[in-house]
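Here are my notes on the model you sent over. I've kept them as numbered points so you can go through them with the structure open.

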Amino acid sequence: MQQPVVQGFLFDLHGVIADSWQYHLASWRAIADELHIPWTDHLTAVLPGMSRADSLETILAAGKQQAAFTAAQRQSLTDHENALYKQYVAELDTS
């Protein structure tokens, strides 16, 4: 029996080397605050592992604001969350 040839490896290190989810939660909480949507323990519990788009939809649903945003506005909000996340991660102390 011929052994399979390994042609590559896939590593998913998000949250493995550093617990980065707290920074996503912080950025989503900032978005919720900007939209005047109260942050809840439920949001803290359900957002981890969701895509950026699904996270936004969950937050908008919590604030009963889903119909208030166009696709372009939703994209702008997810881009804004990502920018906030990158800002928080850049501020990490690496010492």
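1. Start with helix 1 and helix 3, which pack at an angle of about 40° with their axes 11 Å apart. That makes helix 1 oblique to helix 3. The crossing of helix 1 past helix 3 is right-handed. On the helix 1 side the contact is made by H24, W28 and A32, and on the helix 3 side by R52, S55, L56 and I59. Bear in mind that this is a predicted model, so read every value below as computed from that prediction.

2. Now the overall layout. The protein chain has four helices and zero strands, and along the sequence the pattern reads α-α-α-α. Of its 95 residues, 29% count as buried. Take the contacts between residues at least 6 apart in sequence: 58% of them join residues at least 24 apart. The accessible surface of the chain comes to about 6800 Å², and carbon and sulfur atoms account for 56% of that.

3. Which residues of helix 3 are buried? They are S55, L56, T58, I59 and L60. The cover over the buried residues of helix 3 includes helix 1 (21-34), helix 2 and helix 4. It's worth clicking through these with the neighbouring helices displayed, since S55, L56 and I59 also turn up in the contact with helix 1.

4. S55 is a good residue to zoom in on. This helix 3 residue has a relative accessible area of 1%, so S55 counts as buried. Leaving aside residues up to four places away in sequence, S55 touches W28, L47 and M50. W28 is also one of the helix 1 residues in the contact with helix 3.

5. How many salt bridges does the structure hold? There are two. In one of them, the side chains of R52 and E81 meet, with N to O at 2.7 Å. R52 sits in helix 3 (residues 52-62) and E81 in helix 4 (residues 71-90), so this pair links distant parts of the chain, 29 residues apart. The two partners sit in unlike surroundings: R52 is partly exposed at 31% relative accessibility, whereas E81 is buried at 0%. R52 also belongs to the helix 3 side of the contact with helix 1.

6. The other salt bridge joins E57 and R74, whose closest N and O atoms are 2.5 Å apart. Here E57 lies in helix 3 and R74 in helix 4, so the pair ties together parts that are 17 residues apart in sequence. Is each partner buried or partly exposed? E57 is partly exposed, with a relative accessible area of 26%. R74, at 18%, counts as buried, because the cut-off for buried is under 20%. I'd note that R74 value when you describe the pair, given where the cut-off falls.

7. Next, helix 2. V46 is found in this helix, which covers residues 41-46. V46 is partly exposed, with a relative accessible area of 28%. Where does V46 sit with respect to T58? The two are twelve residues apart in sequence, and their C-alpha atoms are 8.6 Å apart in space. T58, for its part, is among the buried residues of helix 3.

8. Finally, two backbone details in the loops. H36 is in the loop between helix 1 and helix 2, and its phi is near 60°, a positive value in a residue other than glycine. H36 is exposed, with a relative accessible area of 70%. K64 comes just after helix 3, in the loop between helix 3 and helix 4. K64 has a positive phi of about 55° although it is not a glycine. K64 is exposed too, with a relative accessible area of 75%.

Notes
Residues are numbered from 1 along each chain as its sequence is written. This is a predicted model: local features need pLDDT of at least 70, side-chain atom pairs count only at pLDDT 80 or more; totals for chains, interfaces and linings use all residues. Side-chain values use heavy atoms; hydrogens and water are left out. A salt bridge is a side-chain nitrogen of Lys or Arg within 4 Å of a carboxyl oxygen of Asp or Glu. Buried means under 20% relative accessible area, exposed over 50%, partly exposed in between (1.4 Å probe, protein chains only). Contact means heavy atoms within 4.5 Å. Accessible areas come from the Shrake-Rupley method with a 1.4 Å probe; for residues, only the protein chains shown count as cover. Axes are lines fitted to C-alpha atoms, for helices over the stretch in contact, and angles run from 0 to 180 degrees between N-to-C directions. Angles under 35 degrees count as roughly parallel, over 145 as roughly antiparallel, 65 to 115 as roughly perpendicular and the rest as oblique. A crossing is left-handed if the near helix is turned anticlockwise from the far one by less than a right angle, and right-handed if clockwise.
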